[in-house]
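Visitor: I would like to learn how to read a model of this kind, one feature at a time. Where should we begin?

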Amino acid sequence: MVSQISRGLVPRRKYLNVHLLSVLEIMNLFTWMLLEVVKIFGSITQQRKEIIAKNMLRLKTIIETARVLALYACAFRGNDESLDSRNRGKFIGLIKYAAILNDKIDEVVLQNAPENAMYTSPKIQKEILHILVDKVRDTIRAEIGDAKLCTLVDEAQDSSIQEQMAIVTRFVDKDSFIRERFFAVRSVEDTTTVTLKREISKSLASYGLLIENIWGQGYDGASNTRGAWNWLQALFRKDYPYAYYVH
């Protein structure tokens, strides 16, 4: 009886041992696969970090270049911006100069940048300038606060004969100093008094400046801002009595 039981258990033990070994091998395989996946994702994550760092450095270089040129009112583009040109304009020229001074910048800009992420096109330049303009206006808006202000307006035409209007704000800051800040240039359909009033109001209101806080207004003396009851200053005075006109 005992010998029969023993003979019956031996195959079962062998089967159980083989089964356990198979399970252990499968577990080891899954563990190895998991470690390989972790390595791959770790490598991808590191590569992603490096790509992000390079993109950030490239973008920072582009933004600082645009900021410096805008600060000194320099033209951005050259007549010939091709790779063979000796004078590709101040924007690209200043980036090249930064690349000469810094090897890390040289590795990520212009010809060393991806073709779809060079950030040097005129469209990108304009987008950066618009962002900088908004930042400057936000600063001016914070500086004005709730103070009363005077608007100074001049009109002109650009090289494409597009009518434009320049708006300057004058106010007293929180330290009781008189400040004068160039606030905006807006393209206008025409220079009639109704259009100019609407554009001035929109420009100030878009940054949270209350039109009723205009306590002074001045213009360049052009014919469309002078006249009888249709004067621009008269239109403002009609709605805001304290917006006194100063020539």
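Guide: Begin with a single residue and find its place: E212 sits in the loop between α5 and β4. Keep in mind throughout that this is a predicted model.

Visitor: Is E212 buried or exposed?

Guide: Neither term fits, because its relative accessible area is 44%, and E212 is therefore partly exposed. Also look at what a residue meets in space. The C-alpha atoms of E212 and Y240 are separated by 5.9 Å, although these positions lie 28 residues apart along the chain count.

Visitor: What can be said about β4 itself, in terms of how covered it is?

Guide: β4 is mostly covered, with five of its six residues buried. As a general idea, side chains in a regular strand alternate between the two faces of the sheet.

Visitor: Which strand is joined to β4, and how do the two run?

Guide: The partner is β5, residues 244–245; two bridges join the strands, which run parallel. To locate the pairing, find G216, which stands opposite Y244 in β5.

Visitor: Now the nonpolar cores. How many residues are in the largest one, and which have the most contacts inside it?

Guide: The largest nonpolar core has 21 residues, and M165, F183, I200, L204 and F236 have the most contacts inside it. Next, ask which elements supply the residues. Those giving two or more are the helices α4 (122–144), α5 (193–205) and α6 (232–239), together with the strands β1 (149–157), β2 (163–172), β3 (178–187) and β4 (214–219). A second core, separate from this one, has 14 residues, including I62, F91, I105 and V108.

Visitor: Take one residue of the largest core. What does F183 touch?

Guide: Leaving out residues up to four places away in sequence, F183 touches R137, I140, I167, V168, T169, S203, L204, Y207 and L209. F183 is buried, given a relative accessible area of 2%.

Visitor: How many aromatic pairs are there?

Guide: The structure holds two. For each pair, read the distance between ring centres and then the angle between planes. In the case of F76 and F91, the centres are 5.6 Å apart and the planes lie at 15 degrees, so this pair is stacked. F76 is in the loop between α1 and α2 (90–101) and F91 is in helix α2, so the pair links distant parts of the chain, 15 residues apart. Both rings belong to buried residues: F76 has a relative accessible area of 11%, and F91 is at 1%.

Visitor: What is the geometry of the pair formed by F183 and Y207?

Guide: That pair is edge-to-face, with 5.7 Å from centre to centre and 85 degrees between the planes. F183 belongs to strand β3 and Y207 to the loop between α5 and β4, 24 residues apart. Y207 counts as buried at 19% relative accessibility, because the cut-off for buried is under 20%.

Visitor: On to charges. How many salt bridges does a search of the whole structure find?

Guide: It finds seven. One of them joins D173 and R179, whose closest N and O atoms are 2.9 Å apart. Check the surroundings of each partner as well: D173 is buried at 10% relative accessible area, whereas R179 is partly exposed at 27%.

Visitor: Which residues form salt bridges with E199?

Guide: R186 is one of them, with closest N and O atoms 3.0 Å apart. E199 lies in helix α5 and R186 in strand β3, so this pair ties together parts 13 residues apart in sequence. E199 is buried, with a relative accessible area of 9%, while R186 is partly exposed at 23%. E199 also forms a salt bridge with R198, at 3.9 Å between the closest N and O atoms; R198 is partly exposed at 35%. Through shared partners, salt bridges join R186, R198, E199 and K202 into one network.

Visitor: What about a charged residue without such a partner? How far is R58 from the nearest side chain of opposite charge?

Guide: That side chain is E107, 9.7 Å away; R58 is buried yet has no salt bridge. R58 lies in helix α1, residues 2–71. To see what surrounds a residue like this, list its contacts. Beyond residues up to four places away in sequence, R58 touches V108, V109, A113, P114, A117, M118 and Y119.

Note on methods:
Residues are numbered from 1 along each chain as its sequence is written. This is a predicted model: local features need pLDDT of at least 70, side-chain atom pairs count only at pLDDT 80 or more; totals for chains, interfaces and linings use all residues. Side-chain values use heavy atoms; hydrogens and water are left out. Helices (H or I, at least four residues) and strands (E, at least two) are DSSP runs, numbered from the N terminus. Buried means under 20% relative accessible area, exposed over 50%, partly exposed in between (1.4 Å probe, protein chains only). Lys and Arg count as positive and Asp and Glu as negative; His and the chain ends are not counted. A salt bridge is a side-chain nitrogen of Lys or Arg within 4 Å of a carboxyl oxygen of Asp or Glu. Contact means heavy atoms within 4.5 Å. A nonpolar core is a set of buried Ala, Val, Leu, Ile, Met, Phe, Trp, Tyr and Cys residues joined through side-chain atoms within 4.5 Å. Two strands pair if DSSP finds at least two bridges between them. Rings of Phe, Tyr and Trp (its six-membered ring) pair if their centres lie within 6.5 Å; planes under 30 degrees apart count as stacked, over 60 as edge-to-face and the rest as tilted.
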